[in-house]
Amino acid sequence: MTTYTWFNVVIAAAFLPASFYIVPASHRRAGARLAIRSATLMTLTAYPWDYFGIQQGAWRYPLTPGFTIYGVPLNDLALIWVGTCFSSNIFYAVMRRQNGSQ
């Protein structure tokens with residue numbers, strides 16, 4: 001496993017459980033579904049960005065990035081997915097608290 005893969009594993013192990021508990025217990029299932037859909041959509045949207053950036057030479061990887069899909073490292077896609085899932089849960093929790101206080 002590459003260092004970048006370990007980084008993604010540590011980030012996922014810390015952020016995914018934390019993002020699950022940020023959402024109130026009564027809305028966890030809905031929040032989790034929303035976060036997973038948002039993260040998947042964002043990852044599918046960001047894939048072409050990474051693909052064309054790598055193909056055009058906008059950025060490159062000095063070492064072997066691990067497994068790739070048409071030149072895009074799976075580590076990048078995993079980091080995008082975890083970050084979006086965490087962010088979506090935070091936004092969902094904040095919106096639920098704001099709507100509940102009104």
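What share of the contacts in the protein chain with a separation of 6 or more comes from residues 24 or more positions apart? In this predicted model, the figure is 71%. So much for the contacts; the overall layout comes next.

The protein chain holds three helices and two strands. Read from the N terminus, these elements follow the order α-α-β-β-α, which puts the two strands after the second helix and ahead of the last one. As for overall dimensions, the C-alpha trace covers about 50 × 25 × 15 Å along its principal axes. The radius of gyration of the protein chain comes to 16 Å, whereas a compact globule of 102 residues would have a value near 13 Å. Out of those 102 residues, 26% are buried. The surface that the protein chain exposes amounts to about 7000 Å², and 69% of that area is supplied by carbon and sulfur atoms.

Helix H1 takes up residues 3–22, 20 residues in total. From the first C-alpha of H1 to its last the reach is 29 Å, close to the 28 Å expected at 1.5 Å a residue. Which residues of H1 are buried? They are Thr5, Asn8, Ile11, Ala12 and Ser19. An α-helix has 3.6 residues a turn, so residues three or four places apart point the same way.

Helix H2 spans residues 28–55, and Ser38 is found in it. With a relative accessible area of 26%, Ser38 counts as partly exposed, because that value falls between the 20% limit for buried and the 50% limit for exposed. Within the chain, the side chain of Ser38 reaches the backbone oxygen of Leu34 at 2.9 Å. What does Ser38 touch once its neighbours within four places in sequence are left aside? Its contacts are then Thr84 and Ser88. Asn89 sits 51 residues away from Ser38 along the chain, yet the C-alpha atoms of the two are separated by 9.8 Å.

The strands bring up one more residue, Tyr70. Strand S1 (68–69) and strand S2 (72–73) are joined by a loop, and Tyr70 lies in that loop. Is Tyr70 buried or exposed? Tyr70 is exposed, because its relative accessible area of 68% is over the 50% cut-off. The backbone of Tyr70 also deserves a mention: phi is near 55°, a positive value in a residue other than glycine.

Key: Residues numbered from 1 in each chain as written. Predicted model: local features only at pLDDT ≥ 70, side-chain atom pairs only at ≥ 80, totals over all residues. Heavy atoms only, no water. Helix = DSSP H or I, 4+ residues; strand = E, 2+ residues; numbered from the N terminus. Rg over C-alpha atoms; globule rule 2.2 N^0.38 Å. Buried < 20%, exposed > 50% of the residue type's maximum accessible area, 1.4 Å probe, protein only. Contact = heavy atoms within 4.5 Å. Areas by Shrake-Rupley, 256 points an atom, 1.4 Å probe, with all protein chains shown as cover. Expected span 1.5 Å × (residues − 1). Polar contact = N/O pair within 3.5 Å; in protein donor to acceptor, adjacent residues only side chain to side chain.
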